[in-house]
Amino acid sequence: MTIMPIQQFDRQVESRLRERDIRYTAGRRAVVNALRTADGPRSAAELHEQLGTAVPLSSIYRSLSVLESAGVLTPHFGAKGLSRYEIAEWLAGHHHHLVCVECGAVEDIEIPPAHEDRLRRLIDDLATAASFSASDHSLEIEGRCSRCR
């Protein structure tokens, strides 16, 4: 994933929130920056563990909801009803996920451009065959991570 400089990143997030009359509070900034540097989507509990007492769990849940509604974060709904969040692709760049079916860990992966092109063509072919117009895609590969194998 492409990570832009923190100042530019924060300006873009702040601008998006300002357009929607939402303040970029210290708690929201902490959640965004924790997700910005994560290697995959994180749950509220995982964020709380990382942020410690700096941001109460109830504030993390509120921040996740507000940031999702503003389009800054994207939710991923995993096994057992666990929701994890990550920075939206317009900020973080296009990528896919490896999902561990055992522990639920989610890791971001980038596909080399040649493979991404092949994947887009396959998606377009499948969509066309179904009389569907695909606008985007995401790939989640399920299996077991190195810790659970």
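What follows is a walk through the fold of this chain, its helix packing and a few residues in its loops.

The model is a predicted one. Its secondary structure adds up to 6 helices and 5 strands, and going along the sequence these elements come in the order α-α-α-α-β-β-α-β-β-α-β. The C-alpha trace covers about 50 × 40 × 25 Å along its principal axes. Of the 149 residues in the chain, 36% are buried. If one takes the contacts with a separation of 6 or more, 51% of them link residues 24 or more positions apart.

Now to the helices. Two packed helices are described by the angle between their axes and the distance between the axes. For helix 1 (residues 6-19) and helix 2 (residues 26-37), the axes come within 12 Å and cross at roughly 130 degrees. Helix 1 is therefore oblique to helix 2, and the crossing of this pair is right-handed. On the helix 1 side, the contact involves Ile6, Phe9, Asp10, Val13 and Glu14, and these meet Arg29, Val32, Asn33 and Arg36 of helix 2. Sorted by class, the contact of helix 1 with helix 2 has 4 nonpolar, 1 polar and 4 charged residues.

Helix 2 deserves a look of its own. With 12 residues, helix 2 reaches 17 Å from its first C-alpha to its last, close to the 16 Å expected at 1.5 Å a residue. Arg28, Val31, Val32, Ala34, Leu35 and Arg36 are buried in helix 2. Val32 and Arg36 also turn up in the contact with helix 1. But helix 1 is just part of the cover: what lies over the buried residues of helix 2 also includes helix 3, helix 4 (57-69), strand 1 (73-77) and strand 2 (83-87).

Helix 3 (44-51) and helix 4 form another packed pair, with axes 10 Å apart and an angle of about 125 degrees. Helix 3 and helix 4 are therefore oblique to each other, and helix 3 passes helix 4 in a right-handed crossing. Helix 3 brings Ala44, Ala45, Leu47, His48 and Leu51 to the contact, while helix 4 brings Leu57, Ile60, Tyr61 and Leu64. By class, the residues of the contact of helix 3 with helix 4 come out as 8 nonpolar, 1 polar and no charged.

Moving on to the loops, Ser43 sits in the one between helix 2 and helix 3. Despite that loop position, Ser43 counts as buried because its relative accessibility is 4%, under the 20% cut-off. Leaving aside residues up to four places away in sequence, Ser43 touches Leu82, Ser83 and Arg84. Ser83 and Arg84 fall in strand 2 (83-87).

Two other loop residues catch the eye for their backbone. Most residues other than glycine have a negative phi. Asp21 is not a glycine, yet has a positive phi of about 55 degrees. Its place is the loop between helix 1 and helix 2, and at 75% relative accessibility Asp21 counts as exposed. Ser131, not a glycine either, has a positive phi of about 55 degrees. Ser131 lies in the loop between helix 6 (113-129) and strand 5 (140-143), and is exposed, with a relative accessible area of 73%.

Conventions: Residues numbered from 1 in each chain as written. Predicted model: local features only at pLDDT ≥ 70, side-chain atom pairs only at ≥ 80, totals over all residues. Heavy atoms only, no water. Axes fitted to C-alpha atoms, helices over the stretch in contact; angles between N-to-C directions. Helix = DSSP H or I, 4+ residues; strand = E, 2+ residues; numbered from the N terminus. Parallel < 35°, antiparallel > 145°, perpendicular 65-115°, else oblique. Left-handed = near helix turned anticlockwise from the far one by under 90°. Contact = heavy atoms within 4.5 Å. Nonpolar A, V, L, I, M, F, W, Y, C, P; charged D, E, K, R; others polar. Buried < 20%, exposed > 50% of the residue type's maximum accessible area, 1.4 Å probe, protein only. Expected span 1.5 Å × (residues − 1).
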